[in-house]
Amino acid sequence: MRFTRTLAKELVHRAAVAEVFLTDAERTGEDELLLAAQLPRRHAYYHDTLEPRTRHDPLLLLEACRQGIFVVAHRYLGVPLGHKFLLRAVEFEVPDPTALSCGDLPTEAVIAVRIEHRFGTRAAVTGLRLRFTCTIGTQEALLARIDYSWMPPGDWTRLRARQRAALGLPDVPVALPGPRVDPALVGRRDPANTVISAPRTAGDGSRTAHLIVDTTHPALYDHWVDHVPGMLELEAFRQLALTAAVAAGAVRAPTALPVGLTARFRCFAEMDLPLRCRTAPVRPGTDIACTLRQPGAVAAEARIRLADPHGSGSAGVLAGRAAHGAV
């Protein structure tokens, strides 16, 4: 596998070359291929942490896998560039956090991809379930699975127009403003990398916060989309779960790593509707259940496992199978 230059940014649906992490792709079988990824030593979003920057964020590796879904569709299944994509489900597990260690050079990773299921009909495939095994050196750093689908741009435009009209929303959304949480409470240094409001705790120990959308964020909104991207929803779940786990004493600090997650995207999260994130009460040895609601619907739900970077505590278990959301 080659690590000398990135794949074309259009192939992985990125606007900025700096946000392209894949450098090569090679088909190895009917349903299998290999991807090469170079992970940056420092990234303004993925490496923003109060802890010393000694390990890669698992969501950085997940983003490399997410970019791979477009490579499989466009390069190997002939899906035209310009088609619109939906994330339906995501799950990942970090087998050994030591595999995420950062060195003095950019990290080279190889991602084995397998098509596990084709959605649609025999005549027309409209989606896939992909399994990913991300290896750094000789260590498995991330195991992931992503369900996704696609449609022509005209179908997308009509679908989104109907959905937004049914909610009484205008054609072009404008993100709702709102104050953000103190970045230190979610393990961040840069306030721009916070995506929730200050959490509120209920009497039963559950926590709620609003998801805050910043369409100028260079990583989470690398390019304009008319909804809340799935990776932003996952970050909201991570940040709220961190505050809940720290408050419950399940982890020591809000720099705990997300080492397991399953998420299901049920409908588009609209950036111009109030979006309320909630975590269920944190119980020792159980998963941290998260939901994202907008008026009239559950937009997404997840279960997340956190672990202290140096192995002294954890909260949550990886469970379930994940399926509708947005890329």
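The following exercises concern salt bridges in a predicted model.

**Exercise 1.** Determine how many salt bridges a search of the whole structure finds, and which parts the pair E116 and R145 ties together.

*Solution.* The search of the whole structure gives 24 salt bridges. One pair is E116 with R145, whose closest N and O atoms are 2.7 Å apart. E116 belongs to strand β4 (residues 107–120) and R145 to strand β6 (residues 139–151), so the salt bridge ties together parts 29 residues apart in sequence. With a relative accessible area of 32%, E116 is partly exposed.

**Exercise 2.** Establish whether R160 is buried or exposed, and do likewise for E270.

*Solution.* Begin with the contact: R160 and E270 form a salt bridge, with 2.8 Å between the closest N and O atoms. This pair links distant parts of the chain, 110 residues apart: R160 is in helix α2 (residues 153–166), while E270 is in the loop between β9 (257–265) and β10 (276–279). Next, apply the cut-off for burial, under 20% relative accessible area. R160 has 3% and is buried; E270 has 2% and is buried.

**Exercise 3.** Locate R303 and D287, and classify the accessibility of R303 and of D287.

*Solution.* R303 forms a salt bridge with D287, the closest N and O atoms lying 1.6 Å apart. R303 is in strand β12 (residues 297–307) and D287 in the loop between β10 and β11 (288–294), so parts 16 residues apart in sequence are tied together. R303 is partly exposed at 36% relative accessibility, whereas D287 is buried at 15% relative accessible area.

**Exercise 4.** State which residues are joined into one network by salt bridges that share partners.

*Solution.* The network consists of R160, R164, D226, E270 and D272.

Methods
Residues numbered from 1 in each chain as written. Predicted model: local features only at pLDDT ≥ 70, side-chain atom pairs only at ≥ 80, totals over all residues. Heavy atoms only, no water. Salt bridge = Lys/Arg side-chain N within 4 Å of Asp/Glu carboxyl O. Helix = DSSP H or I, 4+ residues; strand = E, 2+ residues; numbered from the N terminus. Buried < 20%, exposed > 50% of the residue type's maximum accessible area, 1.4 Å probe, protein only.
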